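User: I am new to this structure and would like a close look at a single part of it, with enough of the surroundings to see where that part sits.

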Amino acid sequence: MSEKKYWKGLEELYNTPSYQKTVRNEFPEKLPFGEEVDKLMQAKTPRRDFLKYLGFSITAATIAASCEIQVRKVIPYVNKPVDITPGVPNYYASTYVQDGDYCPVVVKTRDGRPIKIEGNTSSSITKGGTSAVVQASVLSLYDTARLRYPMIQGKEATWEELDKAVVEGLRNLGGLPIVLLTSTLMSPATEQLIQEFAAKYPNTKHVTYDAISYSGLLLANEACYGKRAIPSYHFENAQAIVGLGADFLGTWLSPVEFANQYAQTRKIKGKKANISRHIQFESYLSLTGANADYRYTHRPSQLPAIVLNLYNAVALALGKPALPNVPTLQDDQLQKGIQRAAKLLAAHPGQALVVCGSNDPRIQIVVNGLNEMLGAAGKTIDWNAPVNYRKGIDSDMQQLVADMEAGKIGALLIYGANPAYDYYDAARFAEALKKVKLTLSFNDHHDETTVLCQYVAPDNHYLESWGDAEPKAGYYSFIQPTIFPLFKTRAFQESLLSFMGETPDWHAYLMKYWEPKLGGLVSWEEALQNGVIEPKQVTLAGLPFKGDVQAAATQLAAEKPQSGELELVLYEKVAIRNGRPANNPWLQEMPDPISKCTWDNYICVSPALAWKLGISINRFNENDLNRPVAKLTAAGKEITLPVLVLPGMPQDVVAVAVGYGRSQDVGKAAGGVGKNVYPWAYFNNTTQTFHYYQPAVTLTLTGETYPLAITQTHNSFEGRPIILETTQQQYNQDPGEATREQREERERYGGDQYATEGTLYPNLYDFPGLKWGMSIDLNSCIGCGACTIACQAENNVAVVGKDQVLAHHEMHWIRIDRYFSGDPENPQVVFQPMLCQQCDNAPCENVCPVAATTHSDEGLNQMIYNRCIGTRYCMNNCPYKVRRFNWRDWQGATSFGQIKDTGDMNSDLTRMVLNPDVTVRTRGVMEKCSFCVQRLQDAKLAAKKAGRPLMDGEAVTACQQACPTQAIVFGNVHDSGAAISQVRAENKETRLYYVLDDLHTLPNVNYLVKVVNKDPNDFYVEPVQHVLGK
Amino acid sequence: MLHYESAVREPLINGTKDYHQVTEDIISPIEKKPGKLWWIALGFSLTMLLFGVWSVFWEVYFGIGVWGENRTVGWAWDITNFVWWVGIGHAGTLISAILLLFRQGWRTGVNRAAEAMTIFAVLCAGQFPVWHMGRVWLAFFILPYPNSRGPLWVNFNSPLLWDVFAVSTYLTVSILFWYSGLIPDVATLRDRAKKKFAKFFYGLCSFGWRGTAKEWQRLESLGLLLAGLSTPLVLSVHSVVSMDFATSVIPGWHETIFPPYFVAGAIFSGFAMVQTLLIITRKILHLEDYVTLGHIEAMNKIIMLTGGIVAMAYITELFIAWYSNVVYEQGAFWWRILGPYWWAYIILITCNVASPQLFWFKKLRRNIPFTFFMSIVVNIGMWFERFVIIVLSLYHDYMPSAWVYYSPRWPELGFYIGTFGLFFTCYLLFAKYFPVIAVWEIRSVLKTSGESYKQKMAALEQQTTEEFIQEVQHQHALTAH
């Protein structure tokens, strides 16, 4: 090994003295410790002490700080509950039953709490449709005003105490009868239980009382067919539909079912349309009337004459014997309407259906005769499956009140009914109630009747209950609990069992009832899983008709109807119905389909009557929501309510909705909203039924104004290509006529290449995989608003309250635009669901300064809430005006804590309804329809886990699911087999259009032209200007 | 001789003045104790400002929902006021930049006040886009700053973002321009100051200005450079602001004429505001000799001209709405004129189109009370122009189902009042502690356009052209030595 010398530098090589010095010195520079080092060493507080102090103060601070912090425990499951995976929803079939309203549902639960109601598609009755009321029912589960425990004399008690006291009371009635007063029940097991109860307490009677009675129909059917029942109606088999004051799409009997059937007759496939024709006679503008092809208005007192004349006109056309002494109608329009209806009906024997909303049995007998004459039995009317929707007989109620007054009733057990509010003479009922020895309410709210009762045994919410239902003979439906009872409530049936001295186990009772019938536990579980059991073979049949039409007609003709200058009709609103769901903020804030008013009831008057009163709603003041107040006087009672001028009201009729004016005890949302007009219903001694109109009222303006929270004040679409509609005749002559202009416009700019050719900026997005699209059929949409509430439930859409609706701050992601056209006294009505159009060339996207709204590669226009700073530029630039801004802190999502709470929507309890998959938006950010992106992600994930592509129908938006008429089709437009692609392909040259297409926003929502079955001459009506233009 | 200016031209400085007198006239009010009127005015302005702060606090605390804006009208008073204030600022820049480049001597009397007005107006304007945000605490999202959120950037397509750049650039350049012009005068103040604090304060503010030739040369170069920079800004800022509307799809907003239309409107309202301020200032500070009737008339002429341009724009809008045959456009204008807000349009036409026509009369142009009245009328008109464009386009746009009315609520009014408070507080403090007229610039035109000097020039005009030329050449030769 050679001694080779390696050197790093010349210094090392020559080994200079300075180098030696450097090597010797480990730290070549002076260390940066100056005199401080010395000072530190001599400090009075040496390092050790310093460390002690430091340690002490940190520990002390830590302890002090930690005392303040609230300990929140996150407890993992020790044993995971069966079927509950955090973050994964479970679905349970159940049934919504309320006062005889029926809807089979599927309940979505997340982490053990129900958050959304969906329609049950296994049901042939509703076919998966729902209504706004059904959609909103999940919110009433979390209603803070629900009763939470049993009460004796208004004080909290235990169930044992209550049972003991009640049983003792029931045993010591001194022979006086026990009356069980309920609204319509359709549960076979409950009815058996009631019978058993009656066996235990032999002096028990069951009285059914319906707030809105169908006694007239029941009694007429008893007289005609020997059955006190209501048949199934089959609108889907009808080509000619005549409604006589029956709002069968909105509120009459079973609107979800009828809407579905009706829509089937209105769907258009291909280039030849053959839709039903629907003529409606009515005294106010109902949802059904708004959808009718022809609509005629009349005073309520004219109904008998209309029915008789219609009967005779049909009889004449069919060569059947006519009725004698039929009063003539003085009204030309009505005459014309009757002729038209008669011609229509006579032309469709076996395909015709007449339904009548009157509660006068004689009128219903004539209608039955009419239907028989038209061969409706077994075709559009089915007596094989009579329905159990309404059973109340009004005279029973009258008798009961009389007996109570006379002190002849020992105990009154009230379940579901609320006569102290909705009975026409509520004061009399309340007085009579005092004479009953034992009074008990099973109702779940402190409603007007419950507060008067000695005992309160609150029932569970239906989502906490077991139960069954028999909506129609042979059709069964089951209710299973989706959550353990939130409060100390108990099923009505368990209370009865307890009073009987039996084990209060309603579930066991129900199983015992059903298992043998179904053939074992497996079948029972299967039935629960499906939710419904239906007959396999359905045959429609009539019953032998033995009604005396002649006698009824003679009676009607002989009666000279009383009629003043102005008549009053009471009606049910689609959202609030008979008043039962009044404490539901979602429903209170749902714009009425017709008036678009929220949070109130009001006097509906026609434009002509308003003109006479000196009210003019014109373009200058239509936006002014402070509406005049009027005093309505009838039958010795008066009430002041705001006046809402509504096109389509008859000139000599005013209409007011029932269901409002609930007491403050019912809850924050219902209390004090509107006024109660039930006192104007009355009991007619001749017909022995309740009537919901007053033949003579007077209306005087008080000179005051009252703000009405109306969401849409301009009623015309101004002929813009927002709504396209045509008549069936024109459609069949030239199916593409209505959309021709739009298609030609597209043709001019590239046809199928319109997206890129129709613009100077063709660099649009790529959509490599899925692309979502929606089609809305204006011919199917009836405007019921179920989608609005379904969306609200699904997407945590806030309730803002009346004052904020007045400020136009409502938040609905999908709204129903309602437009009138033609004669303001009797307009044509179009409904258009309007939601974010998910434009591929969205005006909102490019104006956001912070890119908080962007386009997804699936064609979705996305909102990034976290990024939004709330400049509202996107909202301004949205031509469809579908963006919603969080003007205030609606849901407590900001740290400022200035919550704008409405109806307790932000209580811990109510917030349990929130969907955890959807962000609760903070104030100051924009929001809008997302096409239910969380549902889309869910469906995609499921497909991915299954290792297959997404299939059509797996991704369903909330609005689409809720729609009773299947007006909404949604899916992946890149899948040529998908329903959405087919709809678009089928209608491409005919009914397909995009709203405001010429703006080149390239929406992903298309609409299908509305086709009305009207003669073109009647379709194009010039508005009568004199009425509106004061 | 070299200062010769035709006697036909009206003098810009009245009375017999010399340099010292100019300084005395303009500077001495600053050195006196503020008067009673000033204190009252300041108190009033501060009250307005505080009310504005309260209104904004209320809005931020409870949310934008306390305003009258709604689902259809997403912008109303906030952006109306923003555009209005920005517009007002324009006159200042126009005077200091464009008129400088055009060698308009009369600008010297009004430019300082106008520039100050620009800055204060832009400060006021800037409040609105900030506080109108739903989540103002995240306002910084609008700045393109590097962040830790991945490739998250602002949206450069959004005109609102262009606004941020346009307005902030404008404010920066305006402040530079205004302040650099102030320096020599502040130095004068420093030199005259007797109190210790004033000496210190003005000394600090004058950046050590000594008035050397080199400094003057640099100052003038800077002035020219900034004038060059500001000139495009006069046109660009309001053009960009107008693009907030012009690039949208809303009928009544989507108009290609908006940039020039807005710029003209801005100058129109800006000059009106200068008139309002100066008519008061000259009266209170007794500066009638420096802000003469000639100045006022010159500005009135500009008001007439720009008023004519906006009138033309209004007519064009209506014509195009008719001519385009677009139903939405026609609908928007139909509802603008004949809808429930018809009175706003009437006010707009009365104030902006009809009333400026009175300035065709020279007597009225030179009438101070009338000019003052008109300046208010024009600013009301211009406020309504923005209101009409913003609210009356939104309230009846494409979807008739969404049509609404809009009424302001108190926090919106309060916010607007508050910006007046801010504006006048700033202006009052400025007018009290800084010279409202540029002393050094007045000195620069004194010998050309001062009344007493002009009178001496009458003799020159008796000479023949040849004599005159010869004398001028002689004088030039003298100065060249």
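The part I would like explained is strand β14 of chain A, residues 411-415. Which strands does β14(A) pair with, in which order do the strands of that sheet run, and where does this part belong in the domain assignment?

Analyst: What follows starts with the strand and then moves outward to the rest of the structure. The model is a predicted one, and every value below should be read in that light.

Strand β14 covers residues 411-415 of chain A, and five of its five residues are buried, so the strand is largely enclosed by the rest of the structure. Its side chains can be followed in two sets: A:A411, A:L413 and A:Y415 point one way from β14(A), while A:L412 and A:I414 point the other way, and the residues of both sets are buried.

On one side in the pairing stands strand β6, residues 178-182 of chain A, which runs parallel to β14(A) and is joined to it by four bridges. Within this pair, A:V179 has A:L412 of β14(A) as its bridge partner. A second pairing links β14(A) to strand β15, residues 438-441 of chain A, again in the parallel sense and over four bridges. Here A:I414 stands opposite A:S441 of β15(A).

These pairings belong to an open sheet of seven strands in chain A, whose order is β5-β4-β16-β15-β14-β6-β7 and whose pairing is mixed. The edges of this sheet are formed by β5 (155-156) and β7 (204-208) of chain A, each of which has a single partner strand, so one side of each is left without a neighbour in the sheet. At the β5 end, strand β4 (residues 151-152) of chain A runs antiparallel to β5(A) and is joined to it by two bridges, with A:I152 standing opposite A:K155.

To place the strand in the chain, it helps to turn to the domain assignment, which gives chain A domain 1 (1-72), domain 2 (151-213 + 392-530), domain 3 (227-387), domain 4 (581-710) and domain 5 (725-1017). Residues 411-415 of β14(A) thus lie within the 392-530 segment of domain 2. As for the spread of the chain, the C-alpha centres of domain 1 of chain A and domain 5 of chain A are separated by 67 Å.

A second sheet in chain A can be set beside this one. It is an open sheet of seven strands in the order β28-β20-β25-β22-β24-β23-β29, also with mixed pairing. Its edge strands are β28 (693-694) and β29 (697-707) of chain A, each with a single partner strand, so that one side of each has no neighbour in the sheet. Inside the order, strand β22 (residues 603-605) of chain A and strand β25 (residues 653-657) of chain A run antiparallel and are joined by two bridges, and A:C604 has A:A655 of β25(A) as its bridge partner.

Further along chain A, A:A851 is found in the loop between α28 and β35 (853-855). Phi of A:A851 is near 55°, a positive value in a residue other than glycine, and A:A851 counts as buried because it has 20 C-beta neighbours inside 10 Å.

Chain A also meets chain B, with 51 residues of chain A in contact with 41 residues of chain B. On the chain A side of this contact, α28 (843-847), α29 (873-876) and β37 (884-885) each supply at least two residues, and the residues of that side divide into 22 nonpolar, 16 polar and 13 charged.

Chain B itself is assigned domain 1 (1-17 + 450-473) and domain 2 (19-142 + 154-449), and the C-alpha centres of these two domains of chain B lie 37 Å apart. Their contact takes twelve residues from domain 1 of chain B and 16 residues from domain 2 of chain B. Among the helices of chain B, α5 (residues 159-192) has 34 residues and reaches 48 Å from its first C-alpha to its last, close to the 50 Å expected at 1.5 Å a residue. A kink of about 40° nevertheless lies at B:I183 in α5(B), shortly before the proline B:P184.

To return to the part you asked about, β14(A) is a strand with five of its five residues buried, and it pairs in the parallel sense with β6(A) and with β15(A).

Terms used. Residues numbered from 1 in each chain as written. Chains lettered and ligands numbered in written order. Predicted model: local features only at pLDDT ≥ 70, side-chain atom pairs only at ≥ 80, totals over all residues. Pairing = 2+ DSSP bridges. Domains from an automatic or database assignment. Contact = placed C-beta atoms within 7 Å. Nonpolar A, V, L, I, M, F, W, Y, C, P; charged D, E, K, R; others polar. Expected span 1.5 Å × (residues − 1). Bend = angle between axes of the 7 residues up to and from the residue. Buried ≥ 20, exposed ≤ 12 C-beta atoms within 10 Å, placed from the backbone.
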